[in-house]
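This report describes a predicted model, taking the surroundings of the ligand before turning to a single helix.

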Amino acid sequence: MSEITYNTIIVGGGIAGLTSAAYLSREGQKVLLIEKNKECGGLVNSFNRDGFHFDAGVRALEDAGIIFPMLKDLGIELEVVKSQVSLGIENEILHIENFDSLIKYRDLLTKLYPDSRGEIDEVLKSIRKIMKHMDVLYGIENPVFKDLKHDRNFIFKKLLPWLPKFIFTVGKINRLNMPVEEYLGTMVKNPSLRDIISQHFFKNTPAFFAMSYFSLYLDYFYPKGGVGKLSATLKNKITECDGEIKKETKIIEVLADKCLVRDQNNITYKYDNLIWAADLKTLYKITKTEGLSPGIKTNFEYTKIKMLKNRGGDSVFSLFLEVDEPLESFRKIANGHFFYTPSKLGLGETNREELDYLLSNLGKVEKEQILTWLDKFTRLNTYEISIPGLKDPELVPPGKTGIIISFLAEYDLFNKIQEAGWLNEFIPELENRVLNVLSDSVYPMLKDKIIARFSYTPLSIENRVGSSEGAITGWAFQKSMPVINKIQFSDRSVLTPVPSIYQAGQWAYSPAGVPMSILTGKLAADRALKQIKKL
Ligand SMILES: Cc1cc2nc3c(=O)[nH]c(=O)nc-3n(C[C@H](O)[C@H](O)[C@H](O)COP(=O)(O)OP(=O)(O)OC[C@H]3O[C@@H](n4cnc5c(N)ncnc54)[C@H](O)[C@@H]3O)c2cc1C
């Protein structure tokens, strides 16, 4: 056992855990951050291969009134550029510049679906309304990152005038909590159009979240040097403030009554407070509650059942390409962050139904049937394409381009194919199809210029960050969520049934992403600090 008792141990060195650790170590707390991988960052991470720079997780960041205030509060400088977004369907490509680009989006959709003009206008009206709500929601720096005791200017000039608008907007937003598919169903009859608007969102994404995406497109920024720079600056802050970071250390047991965590080498670490900033199903599976009061134990068991019953949300498949073609060739086509759909037909309901059928009969169906499904899936899908060099040209060797192509992918598909023993055959089949589809449409030069390629499946994500079902933003959207999913209660999202254990990150609140992971990381740190001060 390690001799020291830490004020707070944080498990998980993703962006949530890094935030908690940075804040607590800045307060002079004895902090230990434990990360299972060789490097911190989790899904906010970048790596270099052959001189090409790639982002392993999120491709660009949204401030959401959270990231910049957090950096400012911690005194961290981060050089950033705007991450400009393009949207493309077949041959139509739109570069999003400002609020008025919405009109061009309407024109683009009307050109492709001339019979749905009225419906498109309805959708656009709704997007505009939701964008206004988002302007209120993210309209001021998040108060959690402000010094409310001393910053009277912020309280009287910004916070107080904003609060009534916020309360009004929260009411409106909560009424738009229905799945986006259902919401669009009320105003759009054309199933292809519905798909094109919504198929790159997770299944059952709350309507307000999906429809607010146009605001988020305008908000995206990119740290010079890659997304991983955000994690790197936080990590530096922790060490600067004498916080301890232990990498390549995986926590495999939590002994809640003794306030101990145990790692893979059987070493235990003692804490006053624990912040669990990793997969929550794992926390509930590995925590021993013997010795705790019966009330806490019962509450823990009840919460555990809820957690284990739920699934992680959608995952992604990412194809990384090193291309022997200059950035300019790609810049002429679209911005460095590009949502592209090669066919206006849309994936359709049949995509999921057919896949469900194939997956439940995997032992009986021929490989060919899966590959035929894959043909259609890759032809009709929407791709998120990121070209880091178009955001920061120093991220590629001269005259070359690195590209990351990704799309939502079903964890069970990869898992079952792996169980059936042909994942190594399946992956190149998938890669080839994606390359064919994009070479036949938006990037004709692509196919013959590839120097090297490799990909990450949902299984790679599960292995790398320990995320249930390879989920990239926490829980699947279901009627009964196992965590807080209303913004006005977000403060409570970090509590667990055990008073000395807090939770943070993408599993602590839904819907999540980088900003919410940072916010919960800060909220958990605040709670832990308050608790220590009471001791
Ligand atoms: C392709 C992609 C695109 C995305 N796009 C967006 C987007 O546009 N906008 C957005 O907001 N978000 C996006 N996200 C999601 C966002 O990146 C994540 O929600 C966020 O980074 C999660 O941070 P986290 O700290 O909660 O969890 P993670 O990043 O998963 O960090 C958890 C950490 O805990 C470690 N760990 C796990 N188990 C243990 C253990 N037992 N012991 C020790 N360490 C452990 C892991 O190794 C990991 O480092 C995207 C993600 C991906 C992959």
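## The shell around the ligand

In this predicted model, the ligand is surrounded by 34 residues, and the closest of them are E35, L43, Y220, Q506 and V514. Sorted by type, the residues of the shell comprise 16 that are nonpolar, 12 that are polar and six that are charged.

## Polar contacts and coverage

Backbone atoms of two residues approach oxygen atoms of the ligand: a backbone N or O atom of I15 lies 3.1 Å from one ligand oxygen atom, and a backbone N or O atom of I472 lies 3.2 Å from a ligand oxygen atom. A side chain takes part as well, since a polar side-chain atom of E62 is placed 3.3 Å from a nitrogen atom of the ligand.

On its own the ligand has 1000 Å² of accessible area, of which the protein covers 95%. The elements that contribute two or more residues to the shell are α1 (15-26), α19 (458-465) and α20 (514-534), and the largest share, three residues, is given by α20.

## Helix α10

Helix α10 spans residues 228-240, and its 13 residues reach 18 Å from the first C-alpha to the last, which is close to the 18 Å expected at 1.5 Å a residue. The buried residues in α10 are G228, L230, S231, T233, L234, K237 and I238. An α-helix has 3.6 residues a turn, so residues three or four places apart point the same way.

After α10 comes D242, a residue whose phi is positive, near 65°.

Note on methods:
Residues numbered from 1 in each chain as written. Predicted model: local features only at pLDDT ≥ 70, side-chain atom pairs only at ≥ 80, totals over all residues. Heavy atoms only, no water. Near = heavy atom within 4 Å. Polar contact = N/O pair within 3.5 Å; in protein donor to acceptor, adjacent residues only side chain to side chain. Areas by Shrake-Rupley, 256 points an atom, 1.4 Å probe, with all protein chains shown as cover. Helix = DSSP H or I, 4+ residues; strand = E, 2+ residues; numbered from the N terminus. Nonpolar A, V, L, I, M, F, W, Y, C, P; charged D, E, K, R; others polar. Expected span 1.5 Å × (residues − 1). Buried < 20%, exposed > 50% of the residue type's maximum accessible area, 1.4 Å probe, protein only.
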